[in-house]
Amino acid sequence: MSEFFQEAPGLKNQYTEDRLLQAYLHWRIPAMVVSNMTAHLTHLGQRAATDMLAWADEAEKNPPKHIPYDPWGKRIDHIETCNGWKQLEGVAAEEGLIAAGYERKFDEYSRIYQMALLYLYHPSSAIYSCPLAMTDGATRAIELYGDDYLKNKAYRHLTSRDPKNFWTSGQWMTERTGGSDVSGTSTIAKKVGDHYELHGTKWFTSATTSQMAMTLARIEGADKGSRGLSLFYLELRNDKNELNKIMVHRLKDKLGTKSLPTAELSLQGTPARLVGGEGGGVKKIASLFNITRVYNSVCALSHMRRGLALAKDYSQKREAFGRKIIDHPLHVETMMDLYVDYAASFHLVMRAVELLGKEECGKATEEESALLRLLTPVIKLFSAKKCMSVTSEVMEVFGGAGYVEDTGMPRMLRDAQVFPIWEGTTNVLSLDILRAIEKENAFKPFMKELGHRLQGIMKEPMAGQQLKGEVQAIEKSLKDLESYFHKIASGGTGGLEDLQTSARYFAFSVGNIFAATLMTEFALHTKDLRDIETARRWCTRNTLFEVPETSQSHRFSNAEIIKGL
Ligand code: MFK
């Protein structure tokens, strides 16, 4: 009798295996520029399937430890991380995960290149992508608001390719009073000579092993509310390598992201430097969290991609009911739905990355900057929710094995759950879209861009032949979205309350329609039947415009139902 053992799913080069990423780069970037990126992407794609995987595994098995005291009772608050975690930091530095975005070697395409690197790096990084997200955000904030000291010191460390010189940064916003509403921040900044000292408690500080952090505090005597907050830079350790009047209370016991040290700590007179002058701290730190929101989106994308890559490989190995599961039509149908969600997210996220690259190179028009402001919360909330549902379904592909810890699938699902939460929950981001529309008039450039894209699509003979119904669906949804928006904007119904009630549906409708347009354009460009079918399915499977009717009486009865649960 022969005993059966299932062959495990495996990974090959994560760049050369990824048809969508490669085709996208060839679509959006001049061929010469792509050819200059390819060797590096291929190299990192290989590392993501080899040495990085072993380090990530080590980091997952050896989560960080908080050691409050030394053997003699002295408070040290050491956070111990394992070799694997440190190696992954080294990979980030030497592969230029941050540097690539700031050297701007490929001009406006540099962010696409850097985000392609991140996309390859993240799923094999044990979430080292989190410190990188904050590091990149801090670099951008320093570029925009930093003084010479910060530009000559912190900026150089953050963008270094030398693992020995490379720094990461924390982003410490969250206090006990609120993660979403930071207006109640109670950390106080006291002016002492030419610098400040910070006193307060930070409830979540991610990557507390970083060398520096950007944080919010209220200068003594400043106004209440969020406008009275200022942005500060601090270094965690002094010249003697002791913590700079920081006490770590504990590491958080989180659902996922287990290898990432996330601490609760207090600042007890920590020296800090004001960034960009007094006040307006939320607006200044927004330059940071708008970058981390893009990271979140790219990481959610690549998390989905990793799940699909493993599921594809497994489907070709696993047999059930007399054939490989890839040969079962219902399985293929299910996988196709997952792929379509991932592809929609991919196109949407990468459009924002393109705009970010243009803006940072001074090539974006005002309208493009406003569109980026609108798209940033959209891509974050959209890709995060898709990542959750795709990862959950991917787990099911593996049946009971997927539910067992040492296959790694439970970790993937737990880690996916953080994407919709940190860096702004789905509701907070839905409301941020309304802020972007109100402050930057960002709905206009959105409509304009989609109008242009649809015109281009309709000029393609193939659109009329093969994607006629899909193009009509996009046009109709866009009209519905526009008339809904104008009805509300003109105060035609319940005004602000209606807009807020429907903000989530509005956000997803924006995402659905934009993704549909980009996917259709991409399919017409590649003329590949797989892309045509993907676009077709996205446009017809979903209701692209999904804002329901709402009114004051609906709100009243909904509130009664919820309160009376
Ligand atoms: C895998 C990698 C993933 C990344 C990992 C990172 C891990 C890090 C873990 C964390 O730190 S999680 C904590 C993240 N916290 C948040 O994301 C905060 C969520 N809350 C919000 O985003 C709220 O909407 C917000 C705090 C911004 C509300 O604050 P306010 O002060 O009530 O908003 P207000 O008064 O509307 O805005 C103040 C100013 O900021 C305004 O400008 P003005 O002063 O000129 O009027 C706004 O326009 C501006 N502003 C707000 N949001 C903005 C923005 N500007 C640009 N972009 C935005 N998104």
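**Exercise 1. Backbone outliers by phi**

Task: For Thr257, which lies in the loop between strand S8 (246–251) and strand S9 (262–274), state what phi is and whether the residue is buried or exposed in this predicted model.

Solution.
Step 1. Phi of Thr257 is near 45°, a positive value in a residue other than glycine.
Step 2. Most residues other than glycine have a negative phi.
Step 3. The relative accessibility of Thr257 is 4%. The cut-off for a buried residue is under 20% relative accessible area, so Thr257 counts as buried.

**Exercise 2. A second positive phi**

Task: Determine in which element Asp77 is found, what its phi is, and whether Asp77 is buried or exposed.

Solution.
Step 1. Asp77 belongs to strand S2, which covers residues 75–80.
Step 2. Its phi is near 50°, again a positive value in a residue other than glycine.
Step 3. With a relative accessibility of 3%, Asp77 falls in the buried class, since that class is defined as under 20%.

**Exercise 3. The surroundings of Val91**

Task: Locate Val91 in the secondary structure, classify its accessibility, and list its contacts beyond four places in sequence.

Solution.
Step 1. Helix H4 (residues 83–94) contains Val91.
Step 2. The relative accessible area of Val91 is 1%, so the residue is buried.
Step 3. Leaving aside neighbours within four places in sequence, the contacts of Val91 are Leu44, Arg47, Met52, Trp55 and Tyr121.
Step 4. For one of these partners, Arg47, the separation along the chain from Val91 is 44 residues, and the C-alpha atoms are 9.2 Å apart.

**Exercise 4. The surroundings of Met304**

Task: Carry out the corresponding analysis for Met304, giving its helix, its accessibility, its contacts and its C-alpha separation from Ser477.

Solution.
Step 1. Met304 is part of helix H10, which spans 281–317.
Step 2. Its relative accessible area is 1%, and Met304 is therefore buried.
Step 3. When residues up to four places away in sequence are not counted, Met304 touches Tyr342, Ser345, Ser383, Lys386, Cys387 and Val390.
Step 4. Ser477 lies 173 residues from Met304 along the chain, and 27 Å separates their C-alpha atoms.

**Exercise 5. The second largest pocket**

Task: What is the volume of the second largest pocket, which residues are closest to its centre, and how does its lining divide into nonpolar, polar and charged residues?

Solution.
Step 1. The volume of the second largest pocket is about 900 Å³.
Step 2. The pocket is lined by 32 residues, of which Asp406, Thr407, Gly408, Met409 and Arg411 are the closest to its centre.
Step 3. At least two lining residues come from each of helix H3 (51–61), helix H10 (281–317) and helix H13 (409–416).
Step 4. The lining comprises 14 nonpolar, seven polar and 11 charged residues.

**Exercise 6. The chain as a whole**

Task: How many helices and strands does the chain have, and how does its radius of gyration relate to the globule rule?

Solution.
Step 1. The chain holds 21 helices and 11 strands.
Step 2. The radius of gyration is 24 Å, close to the 24 Å from the globule rule for 565 residues, so the chain is as compact as a globular protein of that length.
Step 3. The C-alpha trace spans about 75 × 70 × 60 Å along its principal axes.
Step 4. Of the 565 residues, 56% are buried. The exposed area of the chain is about 24,500 Å², with 53% supplied by carbon and sulfur atoms.
Step 5. Among contacts between residues at least 6 apart in sequence, 75% join residues at least 24 apart.

Terms used
Residues numbered from 1 in each chain as written. Predicted model: local features only at pLDDT ≥ 70, side-chain atom pairs only at ≥ 80, totals over all residues. Heavy atoms only, no water. 1 Å grid on protein atoms, 1.4 Å probe; cavity = no way out; pocket = protein on both sides within 12 Å on 5 of 7 lines; lining within 4 Å. Points joined across faces, edges and corners; volume = space filled by probe spheres on them. Helix = DSSP H or I, 4+ residues; strand = E, 2+ residues; numbered from the N terminus. Nonpolar A, V, L, I, M, F, W, Y, C, P; charged D, E, K, R; others polar. Rg over C-alpha atoms; globule rule 2.2 N^0.38 Å. Buried < 20%, exposed > 50% of the residue type's maximum accessible area, 1.4 Å probe, protein only. Contact = heavy atoms within 4.5 Å. Areas by Shrake-Rupley, 256 points an atom, 1.4 Å probe, with all protein chains shown as cover.
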